[in-house]
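Trainee: I should like a close look at the interior of this model. Which residues make up its core, and which elements does the core draw on?

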Amino acid sequence: MKSRMEETSSEAPNTRNLNDLPEELLLHILSFLPTLDSVQTSLISRKWRPLWSRVPSLNFNYQLFPPYEPPLDTRDFYAEFIDRVLISRPNSPVHTFRLSFIYHHYYASHVDSWLRSAVTNLRARELYLHFFIDLNFHNDEGRNHIYDFRFSLLRNGCVEKLILMRCDLTLPAKLSTMRFGSIRFICFDHVYLEDPAVKDLLSACPNMEVFEINGCLGPHHLEICSTSLKRLILEFGYITEKKQTLLVDCPKLCSISIHRCDFEECVLKNASSLVEFHVDFPHQIDKSYRPWSNVVRLLEQAPNVKYLNVQNWWFKFLTSKNTFPESFVLHNLKLLVLRTGFTRYDLVGMAALLKLCANLETLIVESPFKMEKDESLPEEILKKPVHLSMPSLKQVKMKAFNGRKRQGSFVKILLRQGVVLEKIVLLPDEVDQNEPLPPIILNRKVSQAWELVTEPNSG
């Protein structure tokens, strides 16, 4: 027979709840919430009441605040909430400070005060400052109010990561003589930049490892020179009448991504560490091929690239005078992500690229968004059979597979010409994201025969 104590313990319901979790774990959970929500958790119980003030991140999201008419009233409520939070919590360090706001010059002193508190008092390591939410929140009057971020503010803190979106940037007059040693990551999104400012900024941040310029007006002759930079991302998204040039001299650079940048001249120096190369342009031959080819030619100065992500315009090098030398080969390339269709035009370009990749092991094929029809191929190219050189290719992944004739023909080419090909993964086009179709996998057996495998739906 069970003792009374045993009966009591076996019948007692499991009463454990969130209150029983360690405080460190609760703070970790709260760090994923917007600050407005984490403050509201103080109503749960006495244990929760002080927790919000010790959360190691602050996230002030304007979109969570109830709309008022006129919108200025919403800004008042938002600004008052941030003021109270910063006054009420102790000056214990935070890791992340996020601010999204529809800025108006009336609130300049408020924003200045918030950022001083984040950098100086709270010693934030990451600053995310977004002064653009979406078009629905920005009327014509609001577009004329742009916050001016003074970079000198960071001298008083230990910020490692800075992301600025839709604001102006004021740099110190003697920036090139200053040192912001803590900064390792900078992203400028729609921030006006002048060429000298970029050069001075890189000089003043001797430990910066990641630099991203996205949609920024101003740069025309970019010089990216740094002894510490490891990753560079450039995306302008506009075409200018002025001639644009690019010089990259970063001996530790491992990864470079260039999207929609109309550089007429590109120079890449000291690129022996570069292993990842990503280039993307709108699929418009008349407008985009020239800057695309200028960027792609940087591969001549990057002999150790192992990962290449590029669209399929390589057939043009067969008919253009601006081509690679015969000795050019991507010896170290192991992984290729290729945005391509499967027309004759596409296959000719693919063959031209694969010919340069003797040691390629993995090919990932993505569908491009073609804004124009394919060009007509010269008669001498049309008559030649297409041969895909794949001596080392072991795996192919095809995204957005829909079983159409051209895709099926490409799979047949792979099966015939893939000497050491072991696996083909066909990822179906996502018609219904709620019920994604399982991938189709073709495996080569030891007997060299192929078997079809359909994986169960992971969704």
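Mentor: What follows describes the core and then two elements of the interior. The model is predicted: local features need pLDDT of at least 70, side-chain atom pairs count only at pLDDT 80 or more, and totals for chains, interfaces and linings use all residues. Residues are numbered from 1 along each chain as its sequence is written, and side-chain values use heavy atoms, with hydrogens and water left out.

A nonpolar core is a set of buried Ala, Val, Leu, Ile, Met, Phe, Trp, Tyr and Cys residues joined through side-chain atoms within 4.5 Å; buried means under 20% relative accessible area (1.4 Å probe, protein chains only). The largest such core holds 130 residues, and those with the most contacts inside it are Phe-97, Phe-149, Phe-151, Phe-211, Ile-224 and Trp-314. Helix α9 (residues 344–354) contributes the most to this core, with eight residues. Helices here are DSSP runs of H or I, at least four residues, and strands are runs of E, at least two, numbered from the N terminus.

Ten of the eleven residues of α9 are buried, including Tyr-345, Asp-346 and Leu-354. Its buried residues pack, with heavy atoms within 4.5 Å, against elements including α7 (285–296), β15 (307–311) and α11 (405–417).

Strand β12 (residues 255–261) is largely enclosed by the rest of the structure, because six of its seven residues are buried. β12 pairs in the parallel sense with strand β14 (residues 276–280) over five bridges, where pairing requires that DSSP finds at least two bridges. Within this pair, Ser-255 stands opposite Glu-276 in β14.

Definitions and conventions:
Buried < 20%, exposed > 50% of the residue type's maximum accessible area, 1.4 Å probe, protein only.
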